[in-house]
Amino acid sequence: MQKNKKVLIIAAVVLLVIAAVFYFVGKNNQPQTVEGAKTITVTVMQEGVDDKVFTIHTDAEFLRGALEQENLVEGTESQYGLYVTTVDGVAADDSQRQYWCFKDGNGDNLTVGVDSAPIADGDAFQIVLTTY
């Protein structure tokens, strides 16, 4: 009985340590936000249409807040946040297999949704109507 009790206590301690490590690693890997006023640039791109560049002045910490502040996006809520279906009044056409792709200033796809994409002063983003 004593041996089983010791094994259970050791196992519980090990599990707590592992859980703590995962918590702190996850917390440190979250995107860092910047508080306060900032200016970002958002370029909306569609094939056959001139690019539209929007300069947004905002206190939002995440891209979604800045885009909604300017009424630039609409969409549906999902378990992952806002799924953007419309940008600047243009809806992606599911029958054409279109979606709005969000990119950073280097043209690389964002790895998080607009709800989780932090913004900082001077950041640039592209929103591209894409067909898959």
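User: Which residue stands opposite Gly 75 in S4?

Analyst: This is a predicted model, and the general idea is to follow a strand residue across to its partner in the strand beside it. Here Gly 75 stands opposite Val 84 in S4, while Glu 77 has Leu 82 of S4 as its bridge partner. Both pairs belong to the pairing of strand S3 (residues 73-78) with S4, in which six bridges join strands that run antiparallel, and two residues lie between these strands in the hairpin that they form.

User: In what order do the strands of that open sheet stand, and why is one side of S3 left without a neighbour?

Analyst: To read a sheet, one lists the strands in their spatial order and then looks at the ends of the list. In this case the order is S3-S4-S5, an open sheet of three strands with antiparallel pairing. S3 and strand S5 (90-91) are at the edges and have a single partner strand each, so one side of each lacks a neighbour in the sheet.

User: How do S6 and S7 pair, and in which sense does S1 pair with S7?

Analyst: The sense of a pairing and its bridges are read together. S6 and S7 are antiparallel and share seven bridges, whereas strand S1 (residues 38-46) pairs with strand S7 (residues 124-131) in the parallel sense over five bridges. Looking across to S7, one finds Ile 127 opposite Val 44 and Gln 126 opposite Lys 103.

User: Is Lys 103 buried or exposed, and what is its nearest side chain of opposite charge?

Analyst: For a charged residue, one reads burial first and then looks for partners. Lys 103, in strand S6 (residues 98-104), is buried but has no salt bridge, and the nearest side chain of opposite charge, that of Asp 108, is 7.3 Å away; because a salt bridge requires the nitrogen and the carboxyl oxygen to be within 4 Å, that pair is not counted. The side chain of Lys 103 does, however, make a polar contact of 3.1 Å with the side chain of Asn 109. Beyond its neighbours within four places in sequence, the contacts of Lys 103 include Leu 110, Ala 124, Phe 125 and Val 128.

User: Which residues have the most contacts inside the largest nonpolar core?

Analyst: In soluble globular proteins, nonpolar side chains tend to be buried together. The largest such core here has 22 residues, and those with the most contacts inside it are Ile 40, Leu 63, Leu 67, Val 87, Trp 100 and Phe 102. Two or more of its residues come from each of S1, helix H2 (63-69), strand S4 (81-87), S6 and S7. Leu 63 touches, among others further than four places away in sequence, Ile 40, Phe 102, Val 114 and Phe 125.

User: How many salt bridges are there, and which residues are linked in a network?

Analyst: One reads each pair by its distance, its place in the chain and its burial. The count is four salt bridges, and a network of them links Arg 64, Glu 68, Glu 77 and Asp 115. Arg 64 counts as buried at 16% relative accessibility, and its salt bridge with Asp 115 spans 2.6 Å from N to O. Asp 115 is in the loop between S6 and S7 and Arg 64 is in helix H2, so this pair ties together parts 51 residues apart in sequence. Arg 64 also forms a salt bridge with Glu 68, at 2.9 Å between the closest N and O atoms, and these two residues lie four residues apart in helix H2.

Technical notes. Residues numbered from 1 in each chain as written. Predicted model: local features only at pLDDT ≥ 70, side-chain atom pairs only at ≥ 80, totals over all residues. Heavy atoms only, no water. Buried < 20%, exposed > 50% of the residue type's maximum accessible area, 1.4 Å probe, protein only. Lys, Arg positive; Asp, Glu negative; His and termini not counted. Polar contact = N/O pair within 3.5 Å; in protein donor to acceptor, adjacent residues only side chain to side chain. Contact = heavy atoms within 4.5 Å. Pairing = 2+ DSSP bridges. Core = buried A, V, L, I, M, F, W, Y, C linked by side-chain atoms within 4.5 Å.
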